[in-house]
Amino acid sequence: MRIIVVGAGVVGLAGAYRLARSGCEVVVLEARGAGQAASHGNAAKIALAESGPVPAPGVVLQSLRWMLKPDSPLYIRPSLAPGFVKFMLGMAAHCTDRAFRNGLETHLRLAEGTLDLLDGWAEDGIGFEMHKAGVLLAFESRKRYAEQLGALDVFEHFGMVPERLHGDEVRVREPALSHRIRHGLYFPDDRQVEPDSLTRGLVKRCRELGVVIHEHTPVRRVLRRGDGVTGVLTDRGEVTGDTLLLAAGVWTGRVSRQLGVPLPIRPGKGYSVDYSPAPVRLRTSLTLEDARVAVTPLNGMVRLAGTMEFGGLDEKIRPRRIAAIKRAATEAFTDWGAPAGEAAPWAGLRPMTPDGLPVIGRLDPLDNVYVASGHGMLGLTLAPATAEIITEAITGRRTPPVAEAVSPGRFTRG
């Protein structure tokens, strides 16, 4: 079986690797360099403790208040474009307690085997930087802390019981924090993965398995026959195959639209900035919950990542939003100061869906087209499980029960 994978981010490469391990012939097409879109500048975390979907109770009212602040953690650039309006209304409809809890449970169920799968990748020769430092969710306000407690029973159902910290207990866990941080939840199982090292490792291992990877090769047109696809047309010419896997991040919807099956996958822009050497010595990875800023220590550096900006396919860096991320670190850590070694800031487009869940499975009514996209801020966390699901769906022609909630059919039926 010859599989064409469109997209060489962490999700597409994970799928290509797993399919090749199952004996498939795989060719990967990437419009940029492998791993150089949303995968490159993400928060570098296996974020089990932060697996809640973006639509959440209270988000609608909060986002309306934040729309007046261009440096807020969530910013929506208003548009009257029908697709944008429909998407935002769909997201608003999922900002209920029931939808949030169901979405969180779905993510945690998908991610149950992630850590074992990552260890298996390393044992199979995929070299990448990984740390096992856990994560501390750090809170300034009691209100934000209490909001997080509301879903704690879902985490505990999956065996994730955090350490609850208050006052000086927070600084015992992470001495670098200032007294602004009054509450904390420490989850010991979360990990940190430097994404560029992972995509490089996946590319290398995929090629060892015979996968052909064409970078800087955008797909111009999908070649269709009846209820299936025969290949794609690129700048390098025609590429044929038995099965097509769309793992192109925010651009997946554009390709599916060519096939007459549009998917509501839209961009949510995020930002990050790296510091090398690290401005402070950290014992653990953190998320500054009030500011929605992730702080991830890696080898010789620290990455700050955050914000969610809904608009178009615009990767322009807005200085105010970078300044807000940096300000959060300055206020949260006692010795942050004005650190040297600041890299150029990065902005990338996360593939978002109205219900906050990924889209994984066969693209009905097409016989041989599959989708692995819409992972939002959890691409790194859910890539291993997504690869397993897609491989079972393509090679075994069956959808595992865990994937029923994330099927493309929820957007395409009727």
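Is Glu 309 buried or exposed? Glu 309 is buried, with a relative accessible area of 2%, where buried means under 20% relative accessible area, exposed means over 50% and partly exposed lies in between (1.4 Å probe, protein chains only). The model is a predicted one, in which local features need pLDDT of at least 70 and side-chain atom pairs count only at pLDDT 80 or more, while totals for chains, interfaces and linings use all residues. Residues are numbered from 1 along each chain as its sequence is written, and side-chain values use heavy atoms, with hydrogens and water left out.

We can stay with Glu 309 a little longer. Its side chain meets that of Arg 318 in a salt bridge, at 2.8 Å from N to O; a salt bridge is a side-chain nitrogen of Lys or Arg within 4 Å of a carboxyl oxygen of Asp or Glu. Arg 318 is partly exposed, with a relative accessible area of 23%. Both residues belong to a network of salt bridges that links Arg 77, Lys 269, Glu 309, Asp 314, Arg 318 and Arg 321. Within this network, Arg 77 forms a salt bridge with Asp 314, and the closest N and O atoms are 3.4 Å apart. That pair links distant parts of the chain, 237 residues apart: Arg 77 lies in the loop between β4 (74-76) and α3 (82-93), and Asp 314 in the loop between β18 (301-310) and α11 (319-332). Helices (H or I, at least four residues) and strands (E, at least two) are DSSP runs, numbered from the N terminus. Arg 77 is partly exposed, at a relative accessible area of 24%.

By the same rule, the count comes to 32 salt bridges. Another of them joins Arg 171 to Asp 168, with 3.6 Å between the closest N and O atoms. Here both partners lie in helix α8 (residues 168-173), three residues apart, which is about one turn of the helix. Arg 171 counts as buried at 12% relative accessibility, whereas Asp 168, at 52%, counts as exposed.

What is the nearest side chain of opposite charge to Glu 194? It is Arg 200, 4.3 Å away, and Glu 194 is buried yet has no salt bridge. For this purpose Lys and Arg count as positive and Asp and Glu as negative, while His and the chain ends are not counted. Glu 194 lies in the loop between β9 (191-193) and α9 (195-208). Leaving aside residues up to four places away in sequence, Glu 194 touches Glu 129, Arg 200, Leu 298 and Arg 303, contact meaning heavy atoms within 4.5 Å.

Helix packing comes next. Two packed helices are described by the angle between their axes and the distance between the axes. The axes of helix α5 (residues 114-123) and helix α12 (residues 379-396) come within 9 Å and cross at roughly 80°. Axes are lines fitted to C-alpha atoms, for helices over the stretch in contact, and angles run from 0 to 180 degrees between N-to-C directions. The helices α5 and α12 are therefore roughly perpendicular to each other; angles under 35 degrees count as roughly parallel, over 145 as roughly antiparallel, 65 to 115 as roughly perpendicular and the rest as oblique. From α5, Thr 114, Leu 117, Leu 118 and Trp 121 make the contact, and from α12, Thr 381, Pro 384, Ala 385 and Glu 388. These residues divide into five nonpolar, two polar and one charged. In that grouping, Ala, Val, Leu, Ile, Met, Phe, Trp, Tyr, Cys and Pro count as nonpolar, Asp, Glu, Lys and Arg as charged, and the others, Gly among them, as polar.

The backbone also deserves a look. Most residues other than glycine have a negative phi, and most peptide bonds are trans. A cis peptide bond joins Ser 276 and Pro 277, with omega about 5°, and Pro 277 lies in the loop between β15 (266-275) and β16 (285-288). The C-alpha atoms of Pro 277 and Met 301 are separated by 5.1 Å, although their positions lie 24 residues apart along the chain. More exactly, Met 301 and Pro 277 are 24 residues apart along the chain, not separated by that many intervening residues. Met 301 is placed in strand β18 and counts as buried at 16% relative accessibility. A second cis peptide bond joins Asp 364 and Pro 365, with omega about 10°. Pro 365 is found in the loop between β20 (359-362) and β21 (369-373).

His 216 has a positive phi of about 50° although it is not a glycine. This residue is found in the loop between β10 (212-214) and β11 (219-225), and His 216 is exposed, with a relative accessible area of 58%.
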